[in-house]
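Dear colleague,

I am handing over the structure below, and after it you will find my notes on what turned up in it. Please read them with the coordinates open beside you.

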Amino acid sequence: MTASGQRGFTLVEVLIALGITAFVSMIAYTSISTVITSVATLRDNGDRAIEINRAWAILSRDLREFAPRPVRDEFGDTEPALAGGRANRFLLSLSRAGWHNPHGHPRSNLQRINYRLEDDELLRDSYFVLDRAGDTEAQTVVLLEGVEDMQLAFLGSLEQIRFESRSTNVDTANWAEDWVTDTSNPEAVPQPPQAVEIRLQLQDWGEMRRIYALPPL
């Protein structure tokens, strides 16, 4: 007892109080850490979703603006207006319209585009001219990272359209895997397909699939 009649805390009581404080602090820290981790995960997923949607938007725009204009490559050979698949030089090559020219440069509003996969990156090449020379260089941008594979299928005729059993989904099993010039007749440039299916295998989001009907010629 003190002179005023009040008793101080014992050592055991102090240790118990410290233990309770430490326990509560640990719970609070764990909760805050979980919240911070969740927020960071949501932010990363949101950023990834934006990247993926942007890549699809550019792909969609290029195919929506498809133009039936064959080109000459840097070797002087004719490339179809649209070509693609694993047998092609690039996974997807096409001519597109709608190339904006706000500064009025003396050039066409058509543009040649190539898509290719390199080191898990989906790359997009574009050229300032349609018919390339030996020294023509492409402008290359990384369209999307974390892409394990890109597969394409091409619909040659509307008569080939089939639907999956008891579904409205288009069955592309009978579509052509390659759309290229016949090597036995290189002068016969193939006509564009009616539609193109693109499948992207992403490291984090798995497979994504879209089908594009090409503009009527």
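Arg 61 is partly exposed, having a relative accessible area of 32% in this predicted model, whereas Asp 62 is buried, at 0% relative accessibility. The side chains of Asp 62 and Arg 61 nevertheless meet in a salt bridge, with 3.7 Å from N to O. In general terms, side chains of opposite charge can pair when their charged atoms come close.

That pair is part of a wider set, since the structure holds 16 salt bridges. Another of them is formed by the side chains of Arg 86 and Asp 149, at 2.7 Å from N to O. This pair links distant parts of the chain, for Arg 86 sits in the loop between strand S3 (82-84) and strand S4 (92-96), while Asp 149 belongs to strand S8 (residues 147-155), and the two are 63 residues apart. As for their surroundings, Arg 86 is exposed, with a relative accessible area of 55%, and Asp 149 is partly exposed, with a value of 21%. Because the buried class ends at 20% relative accessible area, Asp 149, at 21%, falls into the partly exposed class.

A further salt bridge brings together the side chains of Glu 207 and Arg 199, at 2.9 Å from N to O. Both partners are partly exposed: Glu 207 has a relative accessible area of 47%, and Arg 199 has one of 22%. Elsewhere, salt bridges that share partners join Glu 74, Glu 79, Arg 89, Arg 112 and Arg 132 into one network.

Within that network, Glu 79 deserves a separate paragraph. Glu 79 lies in strand S2 (residues 78-79) and is buried, with a relative accessible area of 10%. The side chains of Glu 79 and Arg 112 are also joined by a polar contact of 3.3 Å. Which residues does Glu 79 contact, once its neighbours within four places in sequence are left aside? They are Pro 70, Val 71, Asp 73, Arg 89, Arg 112 and Arg 132, and three of these names, Arg 89, Arg 112 and Arg 132, also appear in the salt-bridge network.

Glu 79 leads on to the pocket. The largest pocket holds about 470 Å³ of space, and of the 20 residues that line it, the closest to its centre are Asp 73, Asp 77, Thr 78, Glu 79 and Thr 181. Sorted by class, the lining of the largest pocket comprises seven nonpolar, five polar and eight charged residues.

Next comes Arg 116, placed in strand S5 (residues 111-118) and counted as partly exposed at 22% relative accessibility. The side chain of Arg 116 makes a polar contact of 2.7 Å with the side chain of Asp 125. Setting aside neighbours within four places in sequence, Arg 116 is in contact with Phe 90, Leu 91, Glu 121, Leu 122, Leu 123, Asp 125 and Thr 140. Arg 116 and Val 142 are 26 residues apart in sequence, and their C-alpha atoms are 9.9 Å apart in space.

The loop between S5 and strand S6 (121-126), in which Asp 119 is placed, calls for a check of the backbone. Most residues other than glycine have a negative phi. The phi of Asp 119, however, is near 55°, a positive value, and that of Asp 120, which is found in the loop between S5 and S6 as well, is near 60°, also positive. Asp 119 is exposed, with a relative accessible area of 69%, while Asp 120 counts as partly exposed at 37% relative accessibility.

Finally, Arg 107 is located in the loop between S4 and S5 and is partly exposed, with a relative accessible area of 24%. Not counting residues up to four places away in sequence, Arg 107 touches Trp 99, His 100 and Asn 101. Arg 107 and Asn 88, by comparison, are 19 residues apart in sequence and 27 Å apart in space, taken from C-alpha to C-alpha.

With best regards

Terms used
Residues numbered from 1 in each chain as written. Predicted model: local features only at pLDDT ≥ 70, side-chain atom pairs only at ≥ 80, totals over all residues. Heavy atoms only, no water. 1 Å grid on protein atoms, 1.4 Å probe; cavity = no way out; pocket = protein on both sides within 12 Å on 5 of 7 lines; lining within 4 Å. Points joined across faces, edges and corners; volume = space filled by probe spheres on them. Nonpolar A, V, L, I, M, F, W, Y, C, P; charged D, E, K, R; others polar. Salt bridge = Lys/Arg side-chain N within 4 Å of Asp/Glu carboxyl O. Buried < 20%, exposed > 50% of the residue type's maximum accessible area, 1.4 Å probe, protein only. Helix = DSSP H or I, 4+ residues; strand = E, 2+ residues; numbered from the N terminus. Polar contact = N/O pair within 3.5 Å; in protein donor to acceptor, adjacent residues only side chain to side chain. Contact = heavy atoms within 4.5 Å.
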